[in-house]
Amino acid sequence: MCLKIEGAAITHVGNVRSGNEDNYYLFGNYRYDTAIRQKRESKTVLAQQMTAAVYDGMGGEEAGEVASYLAVKECMPCTLEEMDAQIRRQISAANMAVCEEAKRRDGGRMGTTVAALYMDENTAISCNVGDSRCYYMHQGTLRQISVDDSEARAMVEMGLLSPEKARASKGWHKLTQHLGVHPDEFMIEPHISAPIRMEAGDIFLLCSDGLTDMVMDETIAEILREGGTAMQQADALTQAALEHGGRDNITVLVLQVKNGRENSTLSFLKKLPAPLWILLFFLVAAAIIIA
């Protein structure tokens, strides 16, 4: 079955910050002008070698938006067969691009997270470094398929903190890895998910922590279950984050999986010219009368 992906991306400065350090990649498009604090766009494509991603820059002033901008330029689609190798190559290239820029700026610290989804035909694979997230909704059930690179998550895994206490702890935002770390200091290891067989009706959500810090997973799931277009869902999620404080930049990217081809008979009928439709109408009417 041929599938298509309806995608929508929104990046918003939020209610508190003066600049937007986030960026996104939606099927080849991203925020080229980092001075623009808010941007939205949508695009529908066939599910063939397509990529979407969210980046959350860090460093303050212009450093964060530069880091996320440099990283997003390394993002590109690839085939399923080369996906693992290409993901690792792109992560390495993005990391070095940020490191080189930091070096050019006299060694100042700058970095960015990334959460990406790579698609080829009916298969998707997620990749992340940092705490930007990728969610997958199948038959109404939402689950996180990315892995948070944070001290709090590590403490939860060791049984030292409950998930509820971890969310309120100081380690919630202390990252254990991100792009912008020189290989001499630390070798970045991206989290790459198992392949996901996509089906019509599935939804993927990529987002920065500007959404997940403000809105709980249960509320995110409720918003996605309400339906609507990808842009309507992205709007609703962004608005929820703003209403709950909007203390950080917010970037939301929604991908809806849909059937790519109509029934062949219906598709053929839609292509018929108007005179033939009129003729068919009278033929059917005559057949009904005769019957």
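Helix H6 (residues 217-225) lies across E8, E9 and E12 and runs at about 50° to E8. Helices (H or I, at least four residues) and strands (E, at least two) are DSSP runs, numbered from the N terminus. Axes are lines fitted to C-alpha atoms, for helices over the stretch in contact, and angles run from 0 to 180 degrees between N-to-C directions; contact means heavy atoms within 4.5 Å. The model is predicted, so that local features need pLDDT of at least 70 and side-chain atom pairs count only at pLDDT 80 or more, while totals for chains, interfaces and linings use all residues. Residues are numbered from 1 along each chain as its sequence is written, and side-chain values use heavy atoms, with hydrogens and water left out.

The strands crossed by H6 belong to an open sheet of six strands, in the order E4-E1-E13-E12-E8-E9, with antiparallel pairing. Strand E4 (39-46) and strand E9 (141-144) stand at the edges with a single partner strand each, so one side of each has no neighbour in the sheet. Neighbouring strands of this sheet are turned by 15° against each other on average, direction ignored. Two strands pair if DSSP finds at least two bridges between them. Strand E8 (residues 133-138) and strand E12 (residues 203-207) run antiparallel and are joined by five bridges, with Tyr136 opposite Phe204 in E12. The loop between E8 and E9 holds Gln139, which has a positive phi of about 50° although it is not a glycine. Gln139 counts as exposed, at 69% relative accessibility; buried means under 20% relative accessible area, exposed over 50%, and partly exposed in between (1.4 Å probe, protein chains only).

A further set of pairings involves strand E6 (111-120). Ten of the ten residues of E6 are buried, so this strand is largely enclosed by the rest of the structure. Gly111, Thr113, Ala115, Leu117 and Met119 point one way from E6, and Thr112, Val114, Ala116, Tyr118 and Asp120 point the other way. E6 pairs with E5 in the antiparallel sense over nine bridges, and Tyr118 in E6 is the bridge partner of Thr51. Seven bridges join E6 to strand E7 (residues 123-129), again antiparallel, and Ala115 has Asn128 in E7 as its bridge partner. The hairpin of E6 and E7 has two residues between the strands, and in this hairpin Glu121 takes a positive phi near 55°.

Helix H1 (residues 63-72) is mostly covered, with nine of its ten residues buried. Among the buried residues of H1 are Glu65, Val66, Leu70 and Val72. Their cover includes E2, E3, strand E5 (50-58), helix H2 (83-104) and E6. The loop between strand E2 (22-26) and strand E3 (29-30) holds Phe27. Phe27 has a positive phi of about 50° although it is not a glycine, and this residue counts as buried at 6% relative accessibility.

On the surface, Leu276, Leu279, Leu280 and Leu283 make a nonpolar patch of about 340 Å². Patches are made of residues with over 30% relative accessible area and no salt bridge; like charges are joined within 9 Å, and nonpolar side chains (Val, Leu, Ile, Met, Phe, Trp, Tyr) within 5 Å. A salt bridge is a side-chain nitrogen of Lys or Arg within 4 Å of a carboxyl oxygen of Asp or Glu. Accessible areas come from the Shrake-Rupley method with a 1.4 Å probe, and for residues only the protein chains shown count as cover. Leu280 is found in helix H9 (residues 274-290) and is partly exposed, with a relative accessible area of 36%.
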